[in-house]
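Dear colleague,

I am passing on the structure we spoke of, and beneath it you will find my notes, arranged by topic.

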Amino acid sequence: MNLQARRLSLLVLIFTGIFTGCDEADELTEFDISESFTTTINVNIPGDSQSEASIDEFAGIDIINSPEIEDNYNLIQSISINSITYEIDDFSGFDGAVVSNASFTLNGDTISIDDVTLEDADNNNTIFVLEDEVVFNSISQMLLNSSELSIGVSGTVNGTPVQFNVIVNFDITVTVDVL
């Protein structure tokens, strides 16, 4: 091999090492923060037992309520939503109450849900899972610019009065890059 080919080979090896080393060094400056946030949406609809009623209630979550996320908020590289779940709690009211045509609204994005028999869901401590990858990706991107997430529940209940809580759990992983 001539001298020029050796020099070229050496330069290729050096640059390959530098670029590989930079990627590995970048990974050393990253860490993940996994957090769970919970909020409760209170629903209280008075009325007589034969009237349908609309539900449209909101609550919020602010991810900087986590001290570790707050300390690193400007260094966040990405946010992944691991899960969003909800459950019905403390139901009282109309026997056989069912919420239909229901959905969750997360900062303007909507996820439709199946009908929920409120008393059964409460008595069985049923955990419902929201799933919509497109909405999750939209929320992840939005949270890079704003730490607050508005969560709404809407639908129609087949009879009143009803009173219950919707407990929403929001699990995320935040990747922080300190450099």
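Val135 and its surroundings

In this predicted model, Val135 is a buried residue, its relative accessible area being 6%, and its place is in helix H4, which covers residues 133-143. Leaving aside residues up to four places away in sequence, Val135 touches Leu106, Asp109, Thr110 and Ile111. Thr105 stands 30 residues from Val135 in sequence, while the C-alpha to C-alpha separation of Val135 and Thr105 in space is 9.7 Å.

The aromatic cluster

The count of aromatic pairs comes to three. One of them is formed by Tyr86 and Phe104, whose ring centres are 4.7 Å apart and whose planes make an angle of 50°, and this pair is tilted. Because Tyr86 belongs to strand S3 and Phe104 to strand S4, the pair ties together parts that are 18 residues apart in sequence. Both partners are buried: Tyr86 has a relative accessible area of 5%, and Phe104 has one of 0%.

Tyr86 also pairs with Phe128, and here the centres are 4.9 Å apart with the planes at 15°, so the arrangement is stacked. Since Tyr86 lies in strand S3 and Phe128 in strand S7 (residues 128-130), this second link ties together parts that are 42 residues apart in sequence. Phe128, with a relative accessible area of 22%, is partly exposed, because the range for buried residues ends under 20%. Ring pairs thus link Tyr86, Phe104 and Phe128 into a cluster.

The cavity

How many cavities of 30 Å³ or more does a search of the whole structure find? The search finds one, and the volume of this largest cavity is about 90 Å³. The lining of the largest cavity consists of 13 residues, and Ile88, Val99, Val153, Phe164 and Val166 are those that lie nearest its centre. As for its chemical character, the lining divides into 13 nonpolar residues, with no polar and no charged ones. Strand S3 (76-93), strand S4 (98-106) and strand S9 each supply at least two residues of this lining, and S4 gives the most, with three residues.

Two polar residues of strand S9

Strand S9, which spans residues 162-177, includes Asp177, and Asn165 is found in strand S9 as well. Asp177 counts as buried at 12% relative accessibility, and its side chain is joined to the side chain of Thr29 by a polar contact of 2.7 Å.

Is Asn165 buried or exposed? With a relative accessible area of 17%, Asn165 is buried, because that value falls under the 20% limit. A polar contact of 3.4 Å joins the side chain of Asn165 to that of Asp90. Apart from residues up to four places away in sequence, Asn165 touches Thr40, Ile41, Asn42, Glu87, Ile88, Asp89 and Asp90. Asp90 therefore appears both as a polar-contact partner of Asn165 and among the residues that Asn165 touches, where a contact requires heavy atoms within 4.5 Å. Ile88, another residue touched by Asn165, is also one of those nearest the centre of the largest cavity.

With best regards

Conventions:
Residues numbered from 1 in each chain as written. Predicted model: local features only at pLDDT ≥ 70, side-chain atom pairs only at ≥ 80, totals over all residues. Heavy atoms only, no water. Helix = DSSP H or I, 4+ residues; strand = E, 2+ residues; numbered from the N terminus. Buried < 20%, exposed > 50% of the residue type's maximum accessible area, 1.4 Å probe, protein only. Polar contact = N/O pair within 3.5 Å; in protein donor to acceptor, adjacent residues only side chain to side chain. 1 Å grid on protein atoms, 1.4 Å probe; cavity = no way out; pocket = protein on both sides within 12 Å on 5 of 7 lines; lining within 4 Å. Points joined across faces, edges and corners; volume = space filled by probe spheres on them. Nonpolar A, V, L, I, M, F, W, Y, C, P; charged D, E, K, R; others polar. Phe/Tyr/Trp six-rings, centres within 6.5 Å; stacked < 30°, edge-to-face > 60°.
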